[in-house]
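Dear colleague,

I am handing over the structure we spoke about, and my notes on what was found in it follow below. Please read them with the coordinates open beside you.

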Amino acid sequence: MLRALENELGGKLIARSTRKLSLTDEGQRYYSECRNILAAVDAAEHSFQSGRETVAGPLRIGSSVSFGRLQIASRLAEFLQRYPQVQIDLQLSDQNLWSYEKDGQHHDVRIQGNAQSNNSEAIREMVLGGLGISLSPVWLFSEDLKVGRVVALLQDYQTLPLPIHAVSPANRRQSARVNAFVDFMTQALAAAPELQPIR
């Protein structure tokens, strides 16, 4: 096989003597070039294998204000400690939904009063100030519920589910940094006691 390769290349790769085999100068150059090519191929393959690409680069995250501040921003230090080459841009905005379901029937609730807000944390402050009730996620009031500052009402009603989704453009390959962040947040949120339903 070696002789066939030497014949194909048109030169000797190995100098043979009665005592040893050694690379010729041409053989040494050929060996070095082949090693460089194999290393480049290996690096190219690794960069496209899920989980093996370097976790680095910009990562834009969109969330509601309160969830972003309380559930995402509070965990970013740990994430960036694991992946220090990621640059995070956290964009926060709020919107509120006001509907319930009971016994399989949907009910819309007309909200009346002299105070309202489209920001969850402002709503929390108004509830704590005695201005009324709110339809809010459990995690927003988790500490308040624990110590009795607020009570849960209408527990036989269910709100429409607001699942947490991680989305990215369909025309882009999922990057290692996105995969790493989704995996990190999935584990962190699954273990968060404040995200469990009220019992």
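To begin with a single side chain: is H165 buried or exposed? H165 is exposed, because its relative accessible area is 61%. This histidine lies in the loop between β7 (158-159) and α7 (176-190), and the C-alpha atoms of H165 and T186 are 10.0 Å apart in space, although 21 residues separate them in sequence.

Please keep in mind that this is a predicted model. The mean pLDDT of the protein is 78, and 81% of its residues reach 70 or more. Among the elements, confidence is highest in helix α4 (residues 76-82), at a mean of 92, and lowest in strand β5 (residues 99-102), where the mean is 70.

As for the overall architecture, the protein has seven helices and seven strands, which follow one another along the sequence in the pattern α-β-β-α-β-α-α-β-β-β-α-α-β-α. Of its 199 residues, 22% are buried, and the accessible surface comes to about 14700 Å², with 52% of that area belonging to carbon and sulfur atoms. Among the contacts with a separation of 6 or more, 58% are between residues 24 or more positions apart.

Helix α3 is mostly covered, in that six of its eight residues are buried, namely V65, S66, F67, G68, Q71 and I72. The cover over these buried residues includes β3, α4, β4 (86-92), α5 and α7.

Helix α7 can be checked against its expected length: at 1.5 Å a residue, its 15 residues should span 21 Å, and the end C-alpha atoms are indeed 21 Å apart, so the two values agree. The buried residues of α7 are A176, V178, A180, F181, F184, M185, A188 and L189, and they pack against β3 (57-63), α3 and α4. The spacing of such positions may be read with the usual geometry in mind, since an α-helix has 3.6 residues a turn, so residues three or four places apart point the same way.

Turning to the aromatic side chains, the structure holds four aromatic pairs. One of them is formed by F67 and W139, which meet edge-to-face at 5.3 Å centre to centre, with 70° between the planes. This pair links distant parts of the chain, given that F67 belongs to helix α3 (residues 65-72) and W139 to the loop between α5 (120-128) and α6 (142-147), 72 residues apart. Both partners count as buried, F67 because its relative accessibility is 10% and W139 because its relative accessibility is 13%, where the cut-off for buried is under 20%. Elsewhere, ring pairs link F79, Y83, F181 and F184 into a cluster, and of these residues F181 and F184 are among the buried residues of α7.

Finally, a polar side chain deserves a look. D144 has its place in helix α6, and D144 counts as buried because its relative accessible area is 1%. The side chains of D144 and R149 are joined by a polar contact of 2.7 Å. Leaving aside residues up to four places away in sequence, D144 touches R124, L128, R149 and V150.

With best regards

Note on methods:
Residues numbered from 1 in each chain as written. Predicted model: local features only at pLDDT ≥ 70, side-chain atom pairs only at ≥ 80, totals over all residues. Heavy atoms only, no water. Phe/Tyr/Trp six-rings, centres within 6.5 Å; stacked < 30°, edge-to-face > 60°. Helix = DSSP H or I, 4+ residues; strand = E, 2+ residues; numbered from the N terminus. Buried < 20%, exposed > 50% of the residue type's maximum accessible area, 1.4 Å probe, protein only. pLDDT = per-residue confidence, 0-100. Polar contact = N/O pair within 3.5 Å; in protein donor to acceptor, adjacent residues only side chain to side chain. Contact = heavy atoms within 4.5 Å. Expected span 1.5 Å × (residues − 1). Areas by Shrake-Rupley, 256 points an atom, 1.4 Å probe, with all protein chains shown as cover.
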